[in-house]
Amino acid sequence: MHFSIPETESRSGDSGGSAYVAYNIHVNGVLHCRVRYSQLLGLHEQLRKEYGANVLPAFPPKKLFSLTPAEVEQRREQLEKYMQAVRQDPLLGSSETFNSFLRRAQQETQQVPTEEVSLEVLLSNGQKVLVSVLTSDQTEDVLEAVAAKLDLPDDLIGYFSLFLVREKEDGAFSFVRKLQEFELPYVSVTSLRSQEYKIVLRKSYWDSAYDDDVMENRVGLNLLYAQTVSDIERGWILVTKEQHRQLKSLQEKVSKKEVPLPSGGTSSPGRGRGEVRLELAFEYLMSKDRLQWVTITSPQAIMMSICLQSMVDELMVKKSGGSIRKMLRRRVGGTLRRSDSQQAVKSPPLLESPDASRESMVKLSSKLSAVSLRGIGSPSTDASASDVHGNFAFEGIGDEDL
């Protein structure tokens, strides 16, 4: 998940107090919350108490006097790197301290009071599921509410996730992101103030071997069936004319388990006008000792980066003998806990810019050795090193996994 602090704001204090600088924290390019330096410092100190100073990344120090514009910009860059590093650390980024801080900040920034509301969640076939939730409910709470409404068994909830999507009037459909544990789904979708944004329930694993687990249950089977048919109709799963004919025949027979899945790839929605151009870059082992950067330009670059990371997370859980069935967090004593053996594996923070002068990676055991992401203002604009964000996503796995 890509954190950034692209700008600061000068804001007036409460009740006519002195002005202060506010830092706008964006998640995948969308405003998540607005916080003060003192709030981030409080988060840092709390994390230090819980995990020790040696675990935490460097935090920009306090200043005795008012900051100059140059110092404000320097602090903004330092705080951005700090938030990225904390989020990508497997211990800090999954901590309740970090995630609850971002949830509270999101709710305060959007000025949404805690109250019971109805939230609409879509299934892949367009069916609407209306659930009663609190505005302060986090993603896991809402997911459990949707599962309960559908009668999806508890041990299958971990196979599914909630996604924020955008569907334009012309039918163009794109994924914004998978909803995370640090956000409040109701606030995330309503704060965008557009009917184009919706929340969708979809399966969240990659290995098709898990389909058998899900299809043992009637509700799970129906969800997979609806998603497969929808993805084929949208052109996201490419099928031959014969496979499409077989699908129509099986639909008429309601033979959901026999829906033919192609061995080829998928296609993604096209790029709309006026959207920010993004690049996804990764190093690929072209031959025995030669790594080469491959760059893909797409408005869905962030989503592709997230997908690559989630593939690695799933592989690491599988390699450690874990099970998706156990990845669902449970409430214990009012807090959400996840089995230590099932913690999502996050990668080390910050990757240097993918330029020609970069030294070859020492580790050549994986085909995809690193992934980076950057935004581009225009085709002729080069992103600086500070515009590049990424991680060594594939260093934990080898060729046999790929």
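Is Asp151 buried or exposed? I opened the notebook with that one, and the model, a predicted one, gives a clear reply: Asp151 counts as exposed, at 58% relative accessibility.

**Entry 1: Asp151 and Arg193**

I came to Asp151 by way of its backbone. Its phi is positive, about 65°, although Asp151 is not a glycine. I noted this since most residues other than glycine have a negative phi. I then looked up where Asp151 sits, and found it in the loop between α4 (139–150) and β6 (160–167). Its exposed label follows because 58% is over the 50% cut-off.

Next I turned to Arg193, which has a positive phi of about 50° and is not a glycine either. Arg193 belongs to the loop between α5 (185–190) and β8 (197–203). I checked its cover too: Arg193 has a relative accessible area of 64% and is exposed.

**Entry 2: the chain as a whole**

I stepped back for the totals. The chain holds 9 helices and 14 strands. It has 402 residues, and 48% of them count as buried. For the surface, I wrote down an exposed area of about 20,700 Å². Carbon and sulfur atoms supply 48% of that area.

I also wanted to know how contacts spread along the sequence. Taking contacts between residues at least 6 apart in sequence, I found that 61% join residues at least 24 apart.

**Entry 3: Leu40**

What does Leu40 touch, leaving aside its neighbours within four places in sequence? My list reads Ile25, Val35, Phe59, Leu79, Met83 and Phe101. Leu40 itself is part of helix α1 (residues 37–51). Its relative accessibility is 0%, so I filed Leu40 as buried. I picked Leu79 from the contact list for a distance check. Leu40 and Leu79 are 39 residues apart along the chain, and their C-alpha atoms are separated by 8.4 Å.

**Entry 4: Leu130**

I looked at another leucine, this one in a strand. Leu130 is in β5 (residues 128–134). At 47% relative accessibility, Leu130 counts as partly exposed; that label holds because the partly exposed class runs between the 20% and 50% cut-offs. Not counting residues up to four places away in sequence, Leu130 touches Ser118, Leu119, Glu120 and Lys149. For Ser118 I noted the spacing as well: Leu130 and Ser118 are 12 residues apart in sequence, with 6.3 Å from C-alpha to C-alpha.

**Entry 5: the cavity**

Last, I went looking for enclosed space. Rolling a probe the size of a water molecule over the atoms shows where empty space is left. How many cavities of 30 Å³ or more does a search of the whole structure find? I got 1. The largest cavity holds about 50 Å³ of space.

Which residues line the largest cavity? I wrote down Val27, Val30, Leu31, His32, Gln106, Arg177, Ser188 and Ser191. By class, the lining has 3 nonpolar residues, 4 polar and 1 charged. Strand β3 (residues 30–36) gives the most to this lining, with 3 residues. I finished by checking the lining against the domain bounds. Domain 1 (3–110) and domain 2 (116–255) each give at least three residues to the lining of the largest cavity.

Key: Residues numbered from 1 in each chain as written. Predicted model: local features only at pLDDT ≥ 70, side-chain atom pairs only at ≥ 80, totals over all residues. Heavy atoms only, no water. Helix = DSSP H or I, 4+ residues; strand = E, 2+ residues; numbered from the N terminus. Buried < 20%, exposed > 50% of the residue type's maximum accessible area, 1.4 Å probe, protein only. Contact = heavy atoms within 4.5 Å. Areas by Shrake-Rupley, 256 points an atom, 1.4 Å probe, with all protein chains shown as cover. 1 Å grid on protein atoms, 1.4 Å probe; cavity = no way out; pocket = protein on both sides within 12 Å on 5 of 7 lines; lining within 4 Å. Points joined across faces, edges and corners; volume = space filled by probe spheres on them. Nonpolar A, V, L, I, M, F, W, Y, C, P; charged D, E, K, R; others polar. Domains from an automatic or database assignment.
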